[in-house]
Every structure is written in structure tokens, then in C-alpha cells.
Amino acid sequence: MKGLKAMDLDRYIRNIPDFPKPGIQFKDITPLLKDKEAYRYAIDSLTALFRECRPDAIVGIEARGYIIGAPVAYILGCGFVPVRKQGKLPAKTISSTYELEYGYATLDIHVDAIQEGEKIVIIDDLLATGGTTAAVIELVEKLGGEIAGIGYIVELEFLRGRSKIPSYPVHSLIQF
Ligand code: AMP
């Protein structure tokens with residue numbers, strides 16, 4: 001990454017077999033968050049990837065997407081829009097239901113969170129099957145937002161999540 005000392009982030013991701021259910025290899029990012037250099041490097045790296053898009057807002061996905069997306073928004077000097085699990089946002093919302101690597105979920109966004117034509121970068125901790133991101137893309141585009149990019153710390157390439165979101169610039173810092 002230009003201007004940043006390269007760092008091997010892979011070793012800060014802990015693999016937890018069979019969590020939250022048998023057969024899932026859970027990629028735990030908490031060791032990365034706990035390490036001041038790794039966390040800073042990850043946030044600075046994502047920020048560098050999206051600086052030139054000049055987004056109006058970062059859309060972060062509850063809950064780990066907030067830990068990554070909010071500092072990126074702060075550094076870029078743009079807004080932050082939370083996408084939350086069903087029933088948590090207090091004002092008027094729209095929803096999207098999707099299939100996870102492990103189960104189903106519904107996500108909500110406030111209807112007034114994005115204005116027509118605003119440039120949006122979506123950030124989450126991890127890309128697995130792409131279902132979560134596809135649901136968030138649907139929400140952002142329903143509100144008239146233009147997706148300038150999508151970023152993750154981790155991408156599970158073998159699940160081919162990018163095939164669900166083919167027409168957008170996607171960046172991940174670590175691939176498994
Ligand atoms: P997906 O919709 O399949 O791309 O799943 C992405 C979302 O589920 C992200 O918000 C991740 O936090 C979470 N997730 C899915 N699979 C895993 C995994 N193997 N390890 C950690 N988080 C995961």
C-alpha cells in the first residue's frame with residue numbers, strides 16, 4: 001500500500017473451527033483489532049483504497065462492519081450510515097432479506113439515510129458468500145445511492161462472493 005509500511009495481516013486472523021455451527025471455519029478478527037499496529041494498518045489501507053472515490057458516506061454493516069467502517073469514514077471526513085439487523089433502527093426503514101453462509105437474516109436502513117446520487121462505499125469485516133453485501137447493495141440502490149466501492153478486511157475466495165456483486169469495485173486486504 002502506497003505510503004504505508006507493508007504488514008502481514010494474515011497472522012492476526014484467528015481461525016475458529018465449527019463456530020457458530022459445525023462445518024464453518026470462523027475467521028475471528030479480534031486479534032487484529034486488539035493489536036494497535038495491525039488495526040491502524042488495516043484501517044489506513046482501506047482508507048487509501050477509497051480516498052479517491054470521495055464518498056459522501058460509508059455504509060457499515062452491523063456489527064463488525066462498524067468497527068472497520070466508522071474509522072474509515074472519520075479519516076475520509078465523510079458520513080457514516082449504519083445498516084442494522086431487523087427491528088433495531090428507530091425511524092422509518094426499508095429492509096432486505098438474504099441467505100447467509102449460516103442461516104437467513106434481514107437488514108434495515110433508514111429511508112432518509114442516503115439521498116439520490118450520493119456516492120457510497122460499503123464496508124464489512126468479511127466477504128463470504130456475498131449475500132449480505134448483495135442485500136446492502138439493494139438497500140443503497142433503492143434509496144438512490146451510487147456505489148463507488150466495497151471493502152473488506154477478509155475475503156473467503158473459495159466461496160466466490162464476488163460473483164454475487166460483479167459490477168462493483170471490490171477490495172479485500174486478506175484472502176483465504
Ligand atoms: P456472506 O453474506 O456470506 O458474505 O457473509 C458475510 C457476513 O457474515 C459478514 O458480515 C461476516 O461477518 C459474517 N461471516 C460469514 N462467514 C463468516 C466466517 N466464516 N467467519 C467470520 N465471519 C463470517
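The expected span of a helix is 1.5 Å times one less than its number of residues. This relation was applied to helix H4 of the present structure, which is a predicted model. For the 12 residues of H4, at 1.5 Å a residue, the expected span is 16 Å, and the end C-alpha atoms lie 17 Å apart, which agrees.

The protein as a whole contains 4 helices and 9 strands. Read from the N terminus, these elements follow the order β-β-α-α-β-α-β-β-β-β-α-β-β. The radius of gyration is 15 Å, close to the 16 Å given by the globule rule for 176 residues, so the protein is as compact as a globular protein of that length. Along the principal axes, the C-alpha atoms occupy a box of roughly 40 × 40 × 30 Å.

Of the 176 residues, 46% are buried. When contacts between residues at least 6 apart in sequence are considered, 58% of them join residues at least 24 apart. The exposed area of the protein is about 9,200 Å², of which carbon and sulfur atoms supply 50%. The side chains include 21 positive and 23 negative ones, and the centres of these two sets are 4 Å apart.

Helix H4 comprises residues 131–142. Its buried residues are Gly131, Thr132, Thr133, Ala135, Val136, Ile137, Leu139 and Val140. These buried residues pack against several strands, namely S3 (57–61), S4, S5 (93–100), S6 (103–110), S7 (119–127) and S8 (146–155). Thr132 illustrates this arrangement at the level of one residue. A residue counts as buried when its relative accessible area is under 20%; Thr132 has a value of 16% and is therefore buried. Apart from its neighbours within four places in sequence, Thr132 is in contact with Ile61, Tyr98, Leu100, Leu107 and Asp124. After H4 comes Gly144, which has a positive phi, near 95°.

A second buried position was examined outside the helices and strands. Cys78 is located in the loop between helix H3 (64–76) and strand S4 (79–85). With a relative accessible area of 17%, Cys78 is likewise buried. Leaving aside neighbours within four places in sequence, the contacts of Cys78 are Pro55, Asp56, Ala57, Ile58 and Ala73. Arg54 stands 24 residues from Cys78 along the chain, and the C-alpha atoms of the two residues are separated by 8.2 Å.

Technical notes: Residues are numbered from 1 along each chain as its sequence is written. This is a predicted model: local features need pLDDT of at least 70, side-chain atom pairs count only at pLDDT 80 or more; totals for chains, interfaces and linings use all residues. Side-chain values use heavy atoms; hydrogens and water are left out. Helices (H or I, at least four residues) and strands (E, at least two) are DSSP runs, numbered from the N terminus. The radius of gyration is taken over C-alpha atoms; the globule rule is 2.2 Å times the number of residues to the power 0.38. Buried means under 20% relative accessible area, exposed over 50%, partly exposed in between (1.4 Å probe, protein chains only). Contact means heavy atoms within 4.5 Å. Accessible areas come from the Shrake-Rupley method with a 1.4 Å probe; for residues, only the protein chains shown count as cover. Lys and Arg count as positive and Asp and Glu as negative; His and the chain ends are not counted. The place of a charge is taken as NZ of Lys, CZ of Arg, CG of Asp or CD of Glu.
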